[in-house]
Number of protein chains: 2
Amino acid sequence: MNIKEVASRTGLPAKTIRYYEEIGLVTPDRAANGYRSFDRTHVHKLAFLARARGLGFSIEDCRGLLALWEDRDRASGDVRAIAKAHLAEIEEKIAGLQEMRATLSDLVAACHGDDRPDCPILKRLETG
Amino acid sequence: MNIKEVASRTGLPAKTIRYYEEIGLVTPDRAANGYRSFDRTHVHKLAFLARARGLGFSIEDCRGLLALWEDRDRASGDVRAIAKAHLAEIEEKIAGLQEMRATLSDLVAACHGDDRPDCPILKRLETG
DNA sequence: CATAAGGGTTCCAGTAATGGGAAGGTCAAG
DNA sequence: CTTGACCTTCCCATTACTGGAACCCTTATG
């Protein structure tokens, strides 16, 4: 299977698939003409990566998950640890963004937003 | 005022201040020995930048806000538009992260996380 | 047979916003 | 005079790709 076919099956851009090969996440075969040649297992692996990335796991997380996925004897606790750490990161990000949102929506609400130059948003950025 | 003093007053690392000069956000004077020389207005501007960045505005947003801040006659509506757009972005990010969190916390809860190899997290990543 | 379209390949550069570190100039104190 | 704390510029690394140039392969059509 050529790269474009794999791209449409996994939803990953061809560029991204080449990049994943470059960093050692997949290792497709090569046809005589130099084209990458993917089989079912490569596609499966790439689809796994697409889903994990979609859940926000970093590339290095994915590398770890992939290794665990391929290890028939891994402990589910190992996987869970990665997922839990990632969950904690997500929660931190959410908290930070919610704080920003609160401040910003206050500011937007306070600003009359017309043609007059008086603006509480700038005032706030000015003085802290 | 030398750069380290400015760094400690604004909370911005010296590296970042140099970078802000490089991209044209501030233009400190230069002393005879080549050292950057900041005055009150530079510090004020950098403090403004630090606050805006702290609220998650991008550098380009900051450039726009700074221009409006320095324009005595700007319309507050212009500022408000930038802030509202940024607020919308933040809200999108929060929504995306909350979705991830929901999925992930379901998965973490479903995984017994012990020494056995059976793992719902990987299973889910495997099959979508 | 020439050619054009639509694959594929590699490599180089750029993104956002810094951070790290090297190599070297300057300044104040002991 | 030397030490140590500053300052300078310059270049590389980061994350996870994305875009583009230059070039090869395959197939269909005039």
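**Notebook: chain pairing and DNA strand C**

I first compared the interfaces: 100% of the interface residues of chain A are also interface residues in chain B, so the copies meet through the same surface. Contact here means heavy atoms within 4.5 Å.

I noted the basis of the entries: this is a predicted model, in which local features need pLDDT of at least 70 and side-chain atom pairs count only at pLDDT 80 or more, while totals for chains, interfaces and linings use all residues. Residues are numbered from 1 along each chain as its sequence is written, chains are lettered from A and ligands numbered from 1 in the order in which they are written, and side-chain values use heavy atoms, with hydrogens and water left out.

**Symmetry**

I looked up the superposition (least squares on C-alpha atoms of residues with pLDDT of at least 70 in both copies). Chain A falls on chain B after a rotation of 180 degrees with 0.0 Å of shift along the axis, at RMSD 0.1 Å. That is the relation of a two-fold axis. In chain A, A:Ile94 has the C-alpha nearest the axis, 3.1 Å from it.

**DNA strand C**

I took residues as near the strand if one of their heavy atoms lies within 4 Å of it. I found 19 residues around DNA strand C, with A:Lys4, A:Tyr35, A:Arg36, B:Lys15 and B:Tyr20 the closest. Of the strand atoms within 4 Å of the protein, 72% belong to sugar or phosphate and the rest to bases.

I then checked phosphate oxygens for polar contacts (N or O pairs within 3.5 Å). One lies 2.7 Å from a polar backbone atom of A:Lys4. For B:Thr16, a polar side-chain atom is 3.3 Å from a phosphate oxygen.

Definitions and conventions: Polar contact = N/O pair within 3.5 Å; in protein donor to acceptor, adjacent residues only side chain to side chain.
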